[in-house]
Amino acid sequence: MIKQDISKYKHVWVFIEHENGEVARVSFELLTKARELAKDLGCEVHAFTVGDKVEQFADEVFKYGAKKFFVIEDPFLKDYITEPYRDAIVHLIEKHKPEVVLIGATTLGRDLAGTIATVLQTGLTADTTALDIDPKTKNLLMTRPTFGGNLMATIFCPDNRPQMSTSRPGVYKAIEEPAKGQVVKEEFEFDKSKYTKQIIEKIIEEGEKVNLGFYDIVVSGGFGMGSKENMKLIQELADVLGGTWAASRKAVQAGWAPQTRQVGQTGQTVHPKIYIACGISGAIQHQAGMKSSEVIIAINKDPDAPIFEIATYGIMGDVIEVLPKMTQMFKEKLGKA
Amino acid sequence: MSKKDFDVIVVGAGPAGMAAAYVLAKAGVDVIVIERGKFPGSKNVMGGIFYRKPMDDLIPEFYKEAPIERHIVEQRMWLMDDVSHFSMGIKTQKHNSEPYNCFSVLRAQFDKWFSKKVVEAGALLINETVVTEPIVENGKVVGVRTDRPQGDLYADCVIAADGVQSFLAKSLGLRKKITPNKVALGVKEIIGLSEEQVNDRFGIKDSKEGVTIEITGPFLKGMEGMAWMYTNKNSVSIGIGVIIDDLINHNMNPNDLLESLKNHPSVLPLIEGGETREYLAHVIPEGGYKSVPRMYADGFMVAGDAAMLVDSVHREGSNLAVESGKLAAKTYLEARESGDFSEKTLSRYQEKLEETYVLQDLRYYKNLPELLEEKRYLLTEYPQFLIDAMTEIYTVDGVPKPEKFRKIKGELKSRFGYIGLAKDLYTIWRKLR
Amino acid sequence: MHFLVFIKQVPDAAQVRVDYETGTLIREGVPAIINPFDKHAIEAAVRLKNQFGGKVSVVCMGPPMAEDALKEAMSMGADKAFLLSDRIFAGSDTLATSYALWAAAKQIIKEEGPVDVFFAGKQAIDGDTAQTGPGIATRFNVPLITYVVDIKNVDPEKKTLELVRLLESGQEVIQTTMPCFLTVEEELNTLSYAPLPYLIRAAKTSVKVLNSKNTEIEAEYCGLKNSPTKVRKAFTPPKRERGEMIEGDSVDGIINQLYEKIEPVLKTMGKVQ
Ligand SMILES: Cc1cc2nc3c(=O)[nH]c(=O)nc-3n(C[C@H](O)[C@H](O)[C@H](O)COP(=O)(O)OP(=O)(O)OC[C@H]3O[C@@H](n4cnc5c(N)ncnc54)[C@H](O)[C@@H]3O)c2cc1C
Ligand SMILES: Cc1cc2nc3c(=O)[nH]c(=O)nc-3n(C[C@H](O)[C@H](O)[C@H](O)COP(=O)(O)OP(=O)(O)OC[C@H]3O[C@@H](n4cnc5c(N)ncnc54)[C@H](O)[C@@H]3O)c2cc1C
Ligand SMILES: Cc1cc2nc3c(=O)[nH]c(=O)nc-3n(C[C@H](O)[C@H](O)[C@H](O)COP(=O)(O)OP(=O)(O)OC[C@H]3O[C@@H](n4cnc5c(N)ncnc54)[C@H](O)[C@@H]3O)c2cc1C
């Protein structure tokens, strides 16, 4: 292992993920969390990103409390491609030496973080759901689920810097706390012949990116919904409740819902106040993404479905029968009829 | 012969198939074993009793390295009705030292270990592949077809050790159709307990020692069957097997039967609080000697359950499987000398089995299945009488002992009649002769 | 062409249960399997081999029993199998794991020739980090393409290929040169039922063991001591108690009951007055 002088590293950095000129919500969630960490460490929160036109995000970033925003702008970085992004970011980190680097555990974030950490030869904790500062050592304590959510592990990285973590979207609330910030622009010379990978096509499935973690009511449909048409039933209930809809992986694989709405180990993690699981058996991989919801309501026709083991309220019944009635009745009760 | 991929193909990696493959591989024969399960024993998740002798002849002192649960030092036999059981049995220190008598094993682990030895000996083991039919050319078995792409295999000889349903033996017309009065349906469970609980409840001092309990009697409501409990290291195997015809006639479901067994006041305290770990249902051939088929054809032999080699009276099967597998292999080795694998040469296999305890034991009980079928009351009424008699004798109620004995004698007379009793005894004696 | 697949042996997560008393996982009796994603990587490599010729090598770092995983990989059509097994790897985090696998891969390249496409699973179902693949790719300094769901237009002459990968918002098609490193999703393919000759060859072929003695792996980058991340504690999340089943004679009645139960929650959210 490469020995480092870790005292040279300072400040909590948050990666600002963006696509099509829009910042991913998880970046704001992490900025909010980073403020807490920075307070415990007695340092500042800094944001950083690379891309084509990224300075424009500065205002938003400062709204969530970043004191500095490090950017590298280059038209070459217009679309996300692992290697040039990595090289530019490594340049920023090596130059400014942050103590902590937080990246959203999104598809993009997880693609990027592993390769950055390898170049930096530092530790990276995957997919964390809790971050704390050890009051004694000031090390970052990163807690993460493994074994599909069955085992939690608290990981730390005592001898290497930066301490890196990817963090699940939807775990922290994004709360504004505007700061006066400063944009720091850096340059990076790309040897473009080095990069032999190019995007030839992008297929965007849904206009909006759904961040399920943003909603306090999630109505989720599984394979028991029976067909793509029937998924409307959960959408209607979600609309009435002012929540959003989601799906199990099996429903996604059946083509009834986009991957962006999948809840679970390989989808998103949600912690809504109310989670309504319709025709979902409750496999551990699904539970991994919703077990910490405050109230879980399960509708399933199999009394032995594992979902009932964790449901606050269980209804044994046919979703096709129960859901329309539920939508109708809730509509009346909530005064939306 | 057209093609040849191997000298011998063994179908099924149960005790019979593996014993055959082991002997062959040790003798330098190019042998392949085809098993449909994920690994040997994977379909056979439960515990059972494994007898030492035939295995010890094959792999001396195998129990020193094989995954054994406990060696059995006590075997109990219970006659049970709905509220009582009458217990007999033998516990002996003679079974508490090497080389031991028999063991409780978890087949999933034991078979896996056995298969390692077989592979080490030089056999090829192919898992997750189902043999779908024998390949027959000119009336001779020359290989097998599997469900895999490019799945045909050719060999001098095929040994079918594919268990009680033996598709191979059936498709060659060797086996008669099994009728539901000749097979039992067995259901078993493994109930997890701590080592200490097992020791305390079964009166065992050392966690290496084990107990078996075989149970029969009127609790079976006149159905022919047997229940059993075996101690594993930190679990108890409990199961019940009943002739399928009886289940149908009594409109009984084996799961309910097992549940009521588990809740019987004599059984419950032994397993209470344990967690069911695994559950299995399986068919047991109970036809005995008379259902044993011709066990050979041109280029073909049948071993183990596939040849209906189960001694249902003593709940022996795996030992007969090992023994028959061994003898099939030896017969092949002899045939190889002359390069002749015809029906005539391989018929030596069945002769060999007749010379051993395998077929001798089965022959001894050959009339029993019919006897029990005719006289089901033998299984209920005599045991009930014994239980009642014992209860009477042990009940201290001020009735003088001579009167009690008179009463018992009177019961015997009124329930069976002396003539009936004599007849039954005579029949049993005659049928077992 | 030469394809090298990294496979991990993992406990079958579906069968792992939690012991809430001790706060640990019950792994006893849980079968070890090839990480499900990795099977699809093997399948993809074998299909490419069958289409374009060449061979498939597989490597697994793990204890001796990981040989079973490699044997299974060969049954699926892999030609060469390497078990990277040494006590010095114990406790490795992903940085140390990717170092060891990279060093082993270099040894494999020495023995079997250069690799065109490296494969790994998207993530392991036990450790769940999805970091090992990117780590190895980075060390080889080859293009990394994660979350691959389709492989198209392979050109062995020009040494290029196209990959369809999942994005949060859809998919993208990437063209890249070889050698390159893919981490794959289950949707990439459906596993085929391997022909019998593959199984027979697997049963006959032995797995080659690599360790610190027969490779140029340096111990100072391996194992717990040389892993920057350390596990400080592991615990099971609190058990969620089974709630109540709402029963009634009519669906309407049941929904009414449910509504009454969740009304307070809806109120705190301002959904009802
Ligand atoms: C590595 C890995 C990662 C995974 N990641 C995820 C993940 O992120 N998210 C995820 O969800 N899964 C994931 N899975 C898959 C997971 O194991 C399950 O297969 C999946 O969650 C099952 O989806 P389901 O509950 O919709 O379908 P099923 O398990 O088929 O359940 C359907 C349920 O609907 C009920 N039902 C049927 N008809 C009706 C009706 N008319 N009315 C009421 N109920 C009805 C049935 O009783 C049943 O309980 C993963 C698996 C693996 C191996
Ligand atoms: C409930 C129950 C309890 C028992 N308890 C005991 C006991 O305590 N002690 C005892 O000695 N015996 C006991 N027996 C009997 C004993 O299990 C059998 O006699 C013994 O397993 C027979 O061994 P075998 O090798 O002939 O068959 P099996 O063990 O049945 O093995 C046959 C193998 O062939 C495979 N196979 C089948 N068809 C095919 C095919 N087409 N292609 C490829 N592979 C195939 C199967 O997967 C299996 O692995 C019990 C049986 C039952 C059902
Ligand atoms: C509770 C717990 C938490 C942990 N958390 C972290 C953490 O946050 N950060 C960290 O750096 N380490 C962590 N580790 C260590 C990490 O699990 C190991 O380094 C492991 O060997 C590789 O990581 P993974 O299981 O996440 O695999 P992944 O990186 O998810 O695996 C992806 C792919 O890499 C390949 N691969 C992975 N392992 C092997 C292997 N042994 N042989 C061949 N190919 C392989 C496979 O193709 C696999 O599909 C943790 C370990 C434990 C027990």
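Contact here means heavy atoms within 4.5 Å. Every view below comes from a predicted model.

**View 1. Helices H9 and H10 of chain B meet through residues on both sides.**
From H9(B), the residues involved are Ser324(B), Leu327(B), Ala328(B), Thr331(B), Glu334(B) and Ala335(B). Across from them, H10(B) puts in Thr345(B), Leu346(B), Arg348(B), Tyr349(B), Lys352(B) and Leu353(B). Sorted by class, that contact holds six nonpolar, three polar and three charged residues. H9 covers residues 318–338 and H10 covers residues 343–355, and their axes come within 9 Å of each other. The axes cross at roughly 145°, and the crossing is right-handed.

**View 2. Who touches whom: chains A and C have the most contacts.**
Two pairs of chains touch, and the A and C pair leads in contacts. Chains A and B, on the other hand, don't touch. Their nearest C-alpha atoms sit 16 Å apart.

**View 3. Ligand 1 sits in a site shared between chains A and C.**
The site counts as shared because residues from both of these chains surround ligand 1. There are 26 residues around this ligand, and the ones that come nearest are Phe223(A), Ser248(A), Lys250(A), Thr266(A) and Ser281(A). Look for the backbone of Phe223(A), where an N or O atom lies 2.7 Å from a ligand oxygen. Two other backbones approach ligand nitrogens: a Gly224(A) N or O atom at 3.4 Å, and one from Lys301(A) at 3.2 Å. On its own, ligand 1 would expose 980 Å², of which the protein buries 83%. Helices H6 (249–253) and H7 (284–287) of chain A each supply at least two shell residues. The shell breaks down into seven nonpolar, 14 polar and five charged residues.

**View 4. Ligand 2 is surrounded by 33 residues, with Ala16(B), Glu35(B), Ile49(B), Asp305(B) and Ser318(B) closest.**
Two acidic-looking names to find here are Glu35(B) and Asp305(B). An N or O atom in the Glu35(B) side chain is 2.6 Å from a ligand oxygen, and a polar side-chain atom of Asp305(B) lies 2.6 Å from an oxygen of ligand 2. The backbone joins in at Pro15(B), with a polar atom 3.1 Å from a ligand oxygen. Taken alone, ligand 2 exposes 1000 Å², and the protein buries 92% of that. Helix H1 (15–26), strands E3 (47–51), E13 (225–231) and E15 (275–285), and helix H9 of chain B each give two or more residues to the shell. By class, the shell has 16 nonpolar, ten polar and seven charged residues.

**View 5. Ligand 3 is another site shared between chains A and C.**
Residues from chains A and C surround ligand 3, so this site is shared too. Of its 33 surrounding residues, Lys8(C), Asp38(C), Thr94(C), Thr129(C) and Thr132(C) come nearest. An N or O atom in the side chain of Thr129(C) is 2.6 Å from a ligand oxygen. Backbone atoms of Gly121(C), at 2.9 Å, and Gln131(C), at 3.0 Å, also lie by oxygen atoms of ligand 3. The protein covers 90% of the 930 Å² of accessible area that ligand 3 has alone. Chain A gives two or more residues from each of strands E7 (124–128), E9 (140–146) and E10 (151–156). Chain C does likewise from strand E6 (55–61), helix H3 (94–112), strand E8 (117–121) and helix H4 (132–140). The shell is made up of 13 nonpolar, 14 polar and six charged residues.

Conventions: Residues numbered from 1 in each chain as written. Chains lettered and ligands numbered in written order. Predicted model: local features only at pLDDT ≥ 70, side-chain atom pairs only at ≥ 80, totals over all residues. Heavy atoms only, no water. Axes fitted to C-alpha atoms, helices over the stretch in contact; angles between N-to-C directions. Helix = DSSP H or I, 4+ residues; strand = E, 2+ residues; numbered from the N terminus. Left-handed = near helix turned anticlockwise from the far one by under 90°. Nonpolar A, V, L, I, M, F, W, Y, C, P; charged D, E, K, R; others polar. Near = heavy atom within 4 Å. Polar contact = N/O pair within 3.5 Å; in protein donor to acceptor, adjacent residues only side chain to side chain. Areas by Shrake-Rupley, 256 points an atom, 1.4 Å probe, with all protein chains shown as cover.
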